Amino acid sequence: MLLTSAVPAGAQQSSKTVLINGAGATFPYPIYSKWFDEYHNLHGKIQINYQSVGSGAGIRQVQAGTVDFGASDGPMSDEQLSKAKVKVLHFPTVLGAAVPTYNIPGVKRELNFTPEALARIFLGNITKWNDSAISGANPGVSLPGNDIVVVHRSDGSGTTYIWTDYLSKISEEWKNKVGRNTSVNWPVGLGGKGNEGVAGLVQQTPNSIGYVELIYAIQNHLFYGRVKNAAGSFVKAELPSVAAAAAGAAGNMPDDFRVSITNAPGKTAYPISSFTWLLIPSRIEDPTKRDAIKGFLHWMLADGQDFAEPLAYGRLPKEVKMRELKAIEQIQ
């Protein structure tokens with residue numbers, strides 16, 4: 001099957017403006033904003049509005065049917081899916097990474113973080129920057145004895161889902177005390193709204209550490225660290241290392257596309273990587289709107305992928321794209 005950006009066969013052409021409203025994850029907002037602008041330039045009668053309000057809010061709105069689509073970096077749970085008015089389909093769009101970003105006065109370089117150190121920092125068990133769990137992974141770096149200020153999301157967040165999914169895999173204490181979700185009861189720290197809010201708090205707060213989607217660290221010129229992966233290598237979040245994390249999942253992707261690729265095997269895999277998903281109702285009553293959404297999905301899987309890498313997101317594996325093309329036909 002060829003990837004094509006053409007409107008699907010049977011799509012109804014309309015002279016009226018088609019307004020499509022979506023809401024959800026801040027993680028992919030930079031590329032979604034670009035995509036929706038580009039698609040409007042190609043199809044002037046189709047306007048896609050997207051509110052970057054966090055994955056939790058996106059899930060709630062698509063459950064309630066108050067938006068035409070949602071977006072999340074954590075797949076909906078069986079319980080969440082059961083509460084939706086209409087069956088919701090998951091469509092992976094791009095790959096991204098959550099990175100540990102920090103602001104330490106006098107330290108202007110990449111730091112190495114072990115999984116254990118990250119879990120203990122966010123649990124509040126490590127409180128000083130010169131703790132041996134951090135300094136031991138960074139020989140030759142002079143770390144201060146200052147108190148660590150943890151920064152986390154205050155809203156329901158797919159980036160939080162990815163972060164806590166990872167911490168739950170590498171720390172039994174985290175799994176038992178805090179767990180994995182878009183919102184959790186944080187043991188310590190300050191809350192910021194959206195990836196933008198966390199990036200801003202880290203920028204403004206000396207001795208802080210937070211987690212953001214890779215593009216937000218890059219755009220805000222924040223330092224972010226390498227993380228020790230399942231193979232024992234300290235790996236930086238970059239397009240090849242994110243792609244390496246997805247490589248093993250592509251062939252084993254479940255039919256509903258709900259999969260976790262955190263702590264993936266492989267020497268070059270960045271361990272806090274994830275797909276991000278559009279959440280599309282399987283039944284859309286307005287045929288013009290339905291065909292416009294299906295047309296956008298076709299374009300996103302073809303031409304839209306060309307915009308991913310310039311914005312520091314990874315392209316979808318070919319096998320995933322081919323399976324998604326078939327899944328689009330489930331939208332009725």
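Buried here means under 20% relative accessible area, exposed means over 50%, and partly exposed lies in between (1.4 Å probe, protein chains only). Helices (H or I, at least four residues) and strands (E, at least two) are DSSP runs, numbered from the N terminus. By these terms, 7 of the 9 residues of helix α4 (residues 115-123) are buried, so α4 is largely enclosed by the rest of the structure.

This is a predicted model: local features need pLDDT of at least 70, side-chain atom pairs count only at pLDDT 80 or more, and totals for chains, interfaces and linings use all residues. Residues are numbered from 1 along each chain as its sequence is written, and side-chain values use heavy atoms, with hydrogens and water left out.

## Overall build

The protein has 12 helices and 12 strands. Its radius of gyration is 20 Å, close to the 20 Å that the globule rule gives for 332 residues, so the protein is as compact as a globular protein of that length. The radius is taken over C-alpha atoms, and the rule is 2.2 Å times the number of residues to the power 0.38. Along the principal axes, the C-alpha atoms fill a box of roughly 65 × 35 × 35 Å.

Of the 332 residues, 57% are buried. Contact means heavy atoms within 4.5 Å. Among contacts with a separation of 6 or more, 76% come from residues 24 or more positions apart.

The protein exposes about 13,500 Å², and carbon and sulfur atoms supply 48% of that area. Areas come from the Shrake-Rupley method with a 1.4 Å probe; for residues, only the protein chains shown count as cover.

Charges come next. Lys and Arg count as positive and Asp and Glu as negative, while His and the chain ends are not counted. Each charge is placed at NZ of Lys, CZ of Arg, CG of Asp or CD of Glu. The mean positions of the 31 positive and 28 negative charges are 1 Å apart.

## Aromatic pairs

Rings of Phe, Tyr and Trp (its six-membered ring) pair if their centres lie within 6.5 Å; planes under 30 degrees apart count as stacked, over 60 as edge-to-face and the rest as tilted. The count by this rule is 23 aromatic pairs. In one of them, the rings of Y29 and Y50 have centres 6.3 Å apart and planes at 20°, so this pair is stacked. Y29 lies in helix α1 (residues 29-42) and Y50 in strand β2 (residues 46-52), so the pair ties together parts that are 21 residues apart in sequence.

Y50 also pairs with Y32, edge-to-face, at 5.5 Å centre to centre and 80° between the planes. This pair links distant parts of the chain, with Y32 in α1 and Y50 in β2, 18 residues apart. Y29 is partly exposed at 31% relative accessibility. Y50 is buried at 12%, and Y32 is buried at 0%. One aromatic cluster includes Y29, Y32 and Y50, along with W35, F36, Y39, F69, F296, W299 and F307.

## Two helices

The buried residues of α4 are P115, A117, L118, A119, I121, F122 and L123. Just after α4, G124 takes a positive phi of about 90°.

In helix α8 (residues 194-204), the buried residues are G194, N195, V198, A199, G200 and V202. Their cover includes β4 (88-103), β6, α6 (158-170), β7 (190-192), β8 (208-213) and α9 (214-219).

## Buried loop residues

Four loop residues are listed here.

| Residue | Loop between | Relative accessible area |
|---|---|---|
| I148 | α5 (132-135) and β6 (149-153) | 13%, buried |
| N207 | α8 and β8 | 12%, buried |
| F257 | α10 (239-250) and β12 (273-281) | 3%, buried |
| A312 | α11 (287-301) and α12 (318-327) | 13%, buried |

Leaving aside neighbours within four places in sequence, I148 is in contact with I121, I126, T127, K128, W129, I134, N207 and I209. On the same basis, N207 touches N103, I104, P105, W129, P144, N146, D147, I148 and V149. The C-alpha atoms of I148 and W277 are separated by 33 Å, and these residues are 129 apart along the chain.

Backbone angles mark the other two. Phi of F257 is near 70°, a positive value in a residue other than glycine. Phi of A312 is near 65°, also positive in a residue other than glycine.
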